[in-house]
Amino acid sequence: MSVDNIRNKIADLRELGFADPVKMITSSPTILDLAIDNICGKIADLHELGFADPVTMITSTPAILTYAIDNIRSKIADLHKLGFANPVKMIASSPTLLNLAIDNIRSKIADLHKLGFPDPVKMITSTPSILTYAIENTRGKIADLRELGFADPVKLIASNPAVLGYAIDNIRGKAVDLQQLGFADPVKMITSRPAILGYTIDSIRIKIADLRELGFADPVKMGTSTPAILTYAIENIRGKIADLRELGFADPVKMITSSPTVLGVGINNIRSKIAELRQLGFADPVKMIRSSPPIVGLAIASMRTKIADLHELGFTDPVKMITPNPAILGYAQERLLLCGRIVTGLDNWNEQMLVRLIKEPRAVIDAVAAVRPRTWSEVRAIIATAKKKQSN
């Protein structure tokens, strides 16, 4: 092929939207043998199959241009049969799947099942590159994670399949680095938030420093209780603090410190929750949320149902009762009903009895329910006995 022809091919590829034709040709020189009309046809065919951006796909895996469109169509159909809901999306995110024989994919799914993974199809859907890992390497990674102290490596990997792509030495090193930063139990942290493994230790160190600058006294403690904090952009945290102040929260830093999960709730959702609580009759929703921040994560329909349940049980003003004790709304409906029935079955009962009883451990509440007491004195005696048994 003459230099002029190669030069023309590069120019044609640029016109089609390929940013670096030279790199493409370097990785797959057979592109030079393809007529530009054929390349245009392949792009059009991929569009018809549902691929939104064939140019990007081909850029990452230029060899796609050499695949027969019927073979690609068949691969999509075969993946559907294996249980993959959106093969086109999978292939678009990991075009190298087109290189894998469908029998090999079927075998990999069976092998992952044998290793204890309950839903290999779901795992592969989220991280298609799993199909390129040898099953022996996956088995070895599971064993290595157990040696590092992870009690259930299969569950860990199932929740975040990307873990299979991390070298075990890097995971070991990350655990050591986290300990040096002050985190007492890195294994527990990683178990609850495996995505931490994808963050450099320097970025985590900087995040801790940034949180201190924002006024958080103990970022390490916060990260320990809610590891997701380490994955939030510091600008987003700063913005959330400012937004909470605008909504009327005098000390957002204190609020987030007591309940770091607030950072995971969108500010529009918090604004809506305040309005909805007002509609339910609460005069000062901001004060309620400040005293019990987890309220922002509760569905308003659930709150409405619980208020109605309390009315039906005989509580004359549930809103007034809940206002100084908003944590009541966070208990399961079944627990609320059980405690409500116990209390309303007592002689001379009052609302504060429910407030006190519902906070007890579930085993203690069940012990009270089994006895069917008639007075609050009996309830207190049963609670004391149950707690004594638990301590023994």
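1. A residue is called exposed here when its relative accessible area is over 50%, buried when that area is under 20%, and partly exposed in between. By that scale R372, with a relative accessibility of 71%, counts as exposed. The structure is a predicted model, and the points below should be read with that in mind.

2. R372 sits in the loop between α23 (362–371) and α24 (376–391), and its phi is near 55°, a positive value in a residue other than glycine. N348 also deserves a look in this respect, since it has a positive phi of about 55° although it is not a glycine. N348 is placed in the loop between α21 and α22 and is exposed, with a relative accessible area of 73%.

3. These two loops are joined by a salt bridge between D347 and R374, whose closest N and O atoms are 3.4 Å apart. The pair links distant parts of the chain, with D347 in the loop between α21 and α22 and R374 in the loop between α23 and α24, 27 residues apart. D347 is partly exposed at a relative accessible area of 41%, and R374 is likewise partly exposed, at 46%.

4. A salt bridge also forms between the side chains of E360 and K387, at 2.9 Å from N to O. Because E360 lies in the loop between α22 and α23 whereas K387 belongs to helix α24, the pair ties together parts that are 27 residues apart in sequence. E360 counts as buried, at 13% relative accessibility, while K387 is partly exposed, with a relative accessible area of 37%.

5. The count for the structure comes to 11 salt bridges, and E334, R362 and D366 are linked in a network of such bridges. A local example is the bridge between the side chains of E235 and R238, at 2.5 Å from N to O. E235 and R238 are three residues apart in helix α15 (residues 234–246), so they are separated by about one helical turn. E235 is exposed, with a relative accessible area of 52%, and R238 counts as partly exposed at 35%.

6. Which residue of opposite charge has the side chain nearest to K174? That residue is D177, 6.8 Å away, and K174 is buried yet has no salt bridge. The cut-off for a salt bridge is 4 Å between the nitrogen and the carboxyl oxygen, so a separation of 6.8 Å does not qualify. K174 lies in helix α11 (residues 168–180), and its side chain reaches the backbone oxygen of Y199 at 2.5 Å. Leaving aside residues up to four places away in sequence, K174 touches I196, L197, Y199 and I201.

7. A search of the whole structure finds one aromatic pair. The ring centres of F315 and W349 are 4.9 Å apart and the ring planes stand at 65°, so the arrangement is edge-to-face. This pair connects distant parts of the chain, 34 residues apart, with F315 in the loop between α19 (300–313) and α20 (318–322) and W349 in the loop between α21 (333–344) and α22 (351–357). F315 counts as buried, at 1% relative accessibility, whereas W349 is partly exposed, with a relative accessible area of 28%.

8. The disulfide count comes to zero. Two cysteines may be noted for their accessibility: C40 counts as partly exposed at 33%, and C339 is buried, with a relative accessible area of 0%.

9. T66 is found in the loop between α4 (54–60) and α5 (69–81) and counts as partly exposed, at 42% relative accessibility. A polar atom of the T66 side chain lies 2.6 Å from the backbone oxygen of A63. Not counting residues up to four places away in sequence, T66 touches T30 and K42. From C-alpha to C-alpha, T66 and L34 are 8.3 Å apart in space and 32 residues apart in sequence.

10. Two helical residues complete this note. A369, in helix α23, is partly exposed at 24% relative accessibility and touches L338 and I342, residues up to four places away in sequence not being counted. E312, in helix α19, is exposed at 70% relative accessibility, and its C-alpha atom is separated by 9.9 Å from that of G340, 28 residues apart along the chain.

Technical notes. Residues numbered from 1 in each chain as written. Predicted model: local features only at pLDDT ≥ 70, side-chain atom pairs only at ≥ 80, totals over all residues. Heavy atoms only, no water. Disulfide = S-S within 2.5 Å. Buried < 20%, exposed > 50% of the residue type's maximum accessible area, 1.4 Å probe, protein only. Phe/Tyr/Trp six-rings, centres within 6.5 Å; stacked < 30°, edge-to-face > 60°. Helix = DSSP H or I, 4+ residues; strand = E, 2+ residues; numbered from the N terminus. Lys, Arg positive; Asp, Glu negative; His and termini not counted. Polar contact = N/O pair within 3.5 Å; in protein donor to acceptor, adjacent residues only side chain to side chain. Contact = heavy atoms within 4.5 Å.
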